[in-house]
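I opened the sequence and the model side by side and kept these notes as I went, entry by entry.

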Amino acid sequence: MKLMFSQLLPIQQIYPITDKLPFKTAYKFAKLGEVIESELKFFQEKMQEIITTYSEKDENGHPVLTEDGASIKIQEAKVAECQQEINELNNVEVDIHDIYFTIEELESLSLTTQQVYALMPLIKE
């Protein structure tokens, strides 16, 4: 099964699941966690390259933050290119090795609707 990076990021936010789980379900979450961690390392490296390429720099060559300090300022003439590269990165497909969960395996968990939505591609009914 393949998911895009944009789908992996919300799944990664579910960790750590602190509920006690049956071994098989816990094992699947552990395997999923390994895949996500490995793939997100690549994602973060590529995102850093994009930021380095398109950000405005201060006199020391460091990226400049926006006025509110919440994000990095992008060169005005390069905003569209930067956004295109970020979109391409978010849409890269990642193989998660056919890790699926049944509703029964997840029913003992206390999850928010947002967390369930993130897991939807991994749930087989």
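Entry 1, surface and charge. I looked up the accessible surface of the protein chain in this predicted model, and it comes to about 8,600 Å², with 52% of that area belonging to carbon and sulfur atoms. I then turned to the charged side chains and found 11 positive and 22 negative ones, the centres of the two sets lying 7 Å apart. For burial, I noted that 27% of the 125 residues in the chain are buried.

Entry 2, overall form. I compared the radius of gyration with the value for a compact globule of 125 residues, which would be near 14 Å, whereas the protein chain has 18 Å. The box filled by the C-alpha atoms, taken along the principal axes, is roughly 55 × 25 × 20 Å. I listed five helices and four strands, and reading along the sequence I wrote their order down as β-α-α-α-β-β-α-α-β. Of the contacts between residues at least 6 apart in sequence, 63% join residues that are at least 24 apart.

Entry 3, aromatic rings. How many aromatic pairs does a search of the whole structure find? I recorded four. For Phe23 and Tyr27 I noted ring centres 6.1 Å apart and planes at 25°, which is under the 30 degrees that I need for the term, so I entered this pair as stacked. Both residues lie in helix H2, which covers residues 23-54, and they are four residues apart, about one turn of the helix. Phe23 has a relative accessibility of 69% and therefore counts as exposed, the cut-off being over 50%, while Tyr27, with a relative accessible area of 45%, is partly exposed. I also wrote down one aromatic cluster, formed by Phe5, Phe42 and Phe43.

Entry 4, Phe29. Is Phe29 buried or exposed? Its relative accessible area is 5%, and because buried means under 20%, I entered Phe29 as buried. Phe29 also lies in helix H2. When I looked along the chain for a distant partner, I noted Phe101, which is 72 residues away in sequence, with the two C-alpha atoms separated by 9.1 Å.

Entry 5, the loop between S2 and S3. I went through the backbone angles here with one general point in mind, namely that most residues other than glycine have a negative phi. His97, in the loop between strand S2 (93-95) and strand S3 (101-102), has a positive phi, near 60°. Asp98 is placed in the loop between S2 and S3 as well, and its phi is also positive, near 50°. On accessibility, His97 counts as exposed at 55%, and Asp98 counts as exposed at 52%.

Entry 6, Glu56. Where is Glu56 found? I located Glu56 in the loop between H2 and helix H3, the latter covering 79-90, and I entered Glu56 as partly exposed, with a relative accessible area of 28%. Leaving aside neighbours within four places in sequence, I listed the residues in contact with Glu56 as His62, Pro63, Val64, Lys73, Ile74, Gln75 and Glu76. For Ile74, which is 18 residues from Glu56 along the chain, I added that the C-alpha atoms of the two are separated by 5.4 Å.

Note on methods
Residues numbered from 1 in each chain as written. Predicted model: local features only at pLDDT ≥ 70, side-chain atom pairs only at ≥ 80, totals over all residues. Heavy atoms only, no water. Helix = DSSP H or I, 4+ residues; strand = E, 2+ residues; numbered from the N terminus. Rg over C-alpha atoms; globule rule 2.2 N^0.38 Å. Buried < 20%, exposed > 50% of the residue type's maximum accessible area, 1.4 Å probe, protein only. Contact = heavy atoms within 4.5 Å. Areas by Shrake-Rupley, 256 points an atom, 1.4 Å probe, with all protein chains shown as cover. Lys, Arg positive; Asp, Glu negative; His and termini not counted. Charge placed at Lys NZ, Arg CZ, Asp CG, Glu CD. Phe/Tyr/Trp six-rings, centres within 6.5 Å; stacked < 30°, edge-to-face > 60°.
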